[in-house]
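Q: I have a new structure open and I don't know it yet. Can you walk me through it?

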Amino acid sequence: MLTWRRGRADSGRPEDARHSPGQLAAYGAQHILTMYGGVIAPPLIVGGAAGLSAADIGLLVTAALFVSGLATLLQTLGIGPFGSRLPIVQGVSFAGVSTMVAIATTGGLRPVFGSIIVAGVIGLVLSSFFAQLVRLFPAVVTGTIITVIGLSLMPVAFNWAMGNNSAAPDYGSLANIGFAGLTLLIILVISRLFQGALSRLSILIGLVLGTVIAACAGKADFSDVGDARLVAPPQLLHFGSPTFEVGAIVAMTIVILVTLIETTADILTIGEIVGTDVDARRVADGLRADMLSTTVAPVFGSFTCSAFAQNVGLVALTGIKSRFVVATGGLILLLLGLLPVVGAIVAGIPYPVLGGAGLVLFGSVAASGIRTLSRVDYQDNLNMIIVAVGIGFGLIPVAAPEFWDALPERIAVVLNSGISAAAVAAVLLNLAFNEWKFGKRPGASVLAAAVDERARFDNDVKP
């Protein structure tokens with residue numbers, strides 16, 4: 001495992017920190033447990049829409065795990081111009097699920113795979129261009145996006161805590177919420193009472209203990225473990241050769257553009273959290289890894305890939321910044337893709353238990369955004385309005401999911417992602433208010449004036 005540590009490894013960078021093999025395995029497993037449910041959800045949904053059998057859906061799930069592992073290794077370790085070499089977990093993205101379901105419902109999986117391949121190539125070509133947009137993401141923009149990432153993920157944690165299946169009779173039951181609360185309590189107690197490595201493993205320990213308690217209460221289902229195959233190597237083009245339909249390609253290209261925006265935001269976010277330099281070249285390397293993984297994924301029977309925001313939150317929460325920890329998680333994902341029986345065990349973690357951990361994880365992402373925003377200068381400018389409108393736009397899909405339905409689908413698919421909506425709003429407002437000099441004058445913002453008055457009041461009341 002330690003032999004992975006090669007390439008551009010500079011001892012002075014936080015992301016190049018070294019850990020023992022045991023720590024790599026433990027911390028890496030914590031990352032995978034955090035995002036496992038998110039990885040298997042897209043193949044389950046899209047496979048169901050395509051009318052696949054349970055066995056074929058199982059192949060989609062293992063392919064998603066395998067591809068996510070490969071993508072994570074490429075992103076963290078890097079090969080030439082591919083990979084940001086940052087602690088970023090790459091996985092099968094949820095962003096394109098609705099588009100893939102629409103394609104699969106009428107044409108099956110073959111046009112889905114074909115559209116992903118073409119859109120992935122387009123994204124690969126555009127990666128360098130997107131990287132030049134780094135200067136458009138100052139702290140007022142990145143802080144807004146980071147905050148929205150955390151806030152937009154909170155409904156996922158709440159849904160997990162309630163049971164994740166609104167049709168289930170126990171959805172939202174006191175028992176489900178109780179297991180989520182118990183998991184949260186375990187994490188908080190460990191974080192408060194213990195120091196060092198044990199405290200940093202609070203999420204993993206909380207998930208394990210929460211699952212054990214749920215199993216003792218008969219709320220954990222491991223029945224699929226006995227039916228799972230021990231070893232299942234990836235099957236290339238199992239669902240047939242891809243087909244290429246213009247409409248599907250256009251729709252998927254829009255998804256890829258949204259993915260590029262979100263991945264750019266995640267790369268900049270993890271750079272802020274880790275405390276390392278992230279320039280245009282590094283962003284481009286990360287986007288190329290993302291798009292290459294997406295382009296290759298259909299060959300293995302999987303879908304678009306992107307950075308996982310919940311794992312960004314885990315880095316912020318634990319303070320474990322090493323990319324080799326996340327690379328170890330990528331290896332675990334790879335093995336899970338080859339060992340369905342192990343994946344079935346991990347899949348047995350009850351959703352309420354995941355919900356308790358998700359509350360801490362996703363909240364920590366929002367807290368990281370607030371910390372970034374605290375460094376922004378709000379005096380004699382319109383930065384307060386940028387933050388206010390950016391967060392407002394980002395929360396529209398969370399608070400009112402049907403808000404943009406009347407717009408053309410090509411526009412709605414962008415705005416229905418809270419992260420991309422916040423990014424578009426914050427970037428455009430930053431350009432208009434800070435970069436565009438025409439008509440600019442000091443003291444233009446009522447909100448900025450209010451901040452000045454509060455600062456003056458604070459100074460006046462000091463003894």
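A: One term is needed to begin with: a residue counts as buried when its relative accessible area is under 20%, and as exposed when that area is over 50%. Also, this is a predicted model.

Q: Which residues of H12 are buried?

A: They are Arg-323, Phe-324, Val-325, Val-326, Ala-327, Thr-328, Gly-329, Gly-330, Leu-333, Leu-334, Leu-336 and Gly-337. That makes twelve of the 16 residues of H12, so the helix is largely enclosed by the rest of the structure.

Q: What should H12 span, at 1.5 Å a residue?

A: The 16 residues of H12, 323-338, should span 22 Å, and the end C-alpha atoms are 23 Å apart, which agrees.

Q: Ok, zooming out. How many helices and strands does the protein chain have?

A: There are 18 helices and two strands in the protein chain. The chain has 463 residues, and 53% of them count as buried.

Q: And the contacts, what share comes from residues 24 or more positions apart?

A: The share is 82%, taken over the contacts in the protein chain with a separation of 6 or more.

Q: What about the largest nonpolar core, which residues touch the most other members?

A: Leu-65, Met-100, Leu-109, Ile-145, Ile-203 and Phe-303 do, out of 109 residues in that core. Helix H9, residues 246-274, supplies the largest share of the core, with twelve residues.

Q: Take Met-100. What does it touch, leaving out residues up to four places away in sequence?

A: Met-100 then touches Val-46, Val-112, Ile-116, Met-252 and Phe-303.

Q: Which residues are in the other core?

A: That core lies apart and has five residues, among them Ile-396, Trp-404, Ala-412 and Ala-421.

Q: Back to H9. How many of its residues are buried?

A: 23 of the 29 residues of H9 are buried, so to speak of it as mostly covered is fair by the definition of buried. For its span, 29 residues at 1.5 Å each should give 42 Å, and the end C-alpha atoms of H9 are 41 Å apart, which agrees.

Q: What follows H9?

A: Gly-275 does, and its phi is positive, near 80°.

Q: Which residues have a positive phi although they are not glycine?

A: Arg-85 is one of them, with a phi of about 60°. Asn-164 also has a positive phi, of about 75°. In general, most residues other than glycine have a negative phi.

Q: Where are those two?

A: Arg-85 lies in the loop between H2 and strand S1, while Asn-164 is found in the loop between helix H5 and helix H6.

Q: Is Arg-85 buried or exposed?

A: Arg-85 is buried, with a relative accessible area of 5%. Asn-164 is partly exposed, at 29%.

Q: New topic: aromatics. How many aromatic pairs are there?

A: A search of the whole structure finds six. In one of them, the rings of Phe-66 and Phe-300 have their centres 5.4 Å apart and their planes at 50°, so the pair is tilted.

Q: Where in the chain do Phe-66 and Phe-300 lie?

A: Phe-66 lies in helix H2 and Phe-300 in the loop between helix H10 and strand S2, so the pair ties together parts that are 234 residues apart in sequence. Phe-66 and Phe-300 are both buried.

Q: What about Phe-403 and Trp-404?

A: Their ring centres are 4.8 Å apart and the planes are at 80°, so this pair is edge-to-face. Phe-403 counts as partly exposed at 49% relative accessibility, whereas Trp-404 counts as buried at 12%.

Q: Which residues form an aromatic cluster?

A: Phe-113, Phe-239 and Phe-303 form one.

Q: Last thing: how many cavities of 30 Å³ or more are there?

A: The count comes to two. About 100 Å³ of space lies in the largest cavity.

Q: Which residues line the largest cavity?

A: The lining includes Leu-59, Thr-62, Ala-63, Phe-66, Phe-239, Phe-300 and Gly-337. H2 gives the largest share of that lining, four residues. Phe-66 and Phe-300 are the tilted pair from before, and Gly-337 is one of the buried residues of H12.

Key:
Residues numbered from 1 in each chain as written. Predicted model: local features only at pLDDT ≥ 70, side-chain atom pairs only at ≥ 80, totals over all residues. Heavy atoms only, no water. Phe/Tyr/Trp six-rings, centres within 6.5 Å; stacked < 30°, edge-to-face > 60°. Buried < 20%, exposed > 50% of the residue type's maximum accessible area, 1.4 Å probe, protein only. Core = buried A, V, L, I, M, F, W, Y, C linked by side-chain atoms within 4.5 Å. Contact = heavy atoms within 4.5 Å. Expected span 1.5 Å × (residues − 1). 1 Å grid on protein atoms, 1.4 Å probe; cavity = no way out; pocket = protein on both sides within 12 Å on 5 of 7 lines; lining within 4 Å. Points joined across faces, edges and corners; volume = space filled by probe spheres on them.
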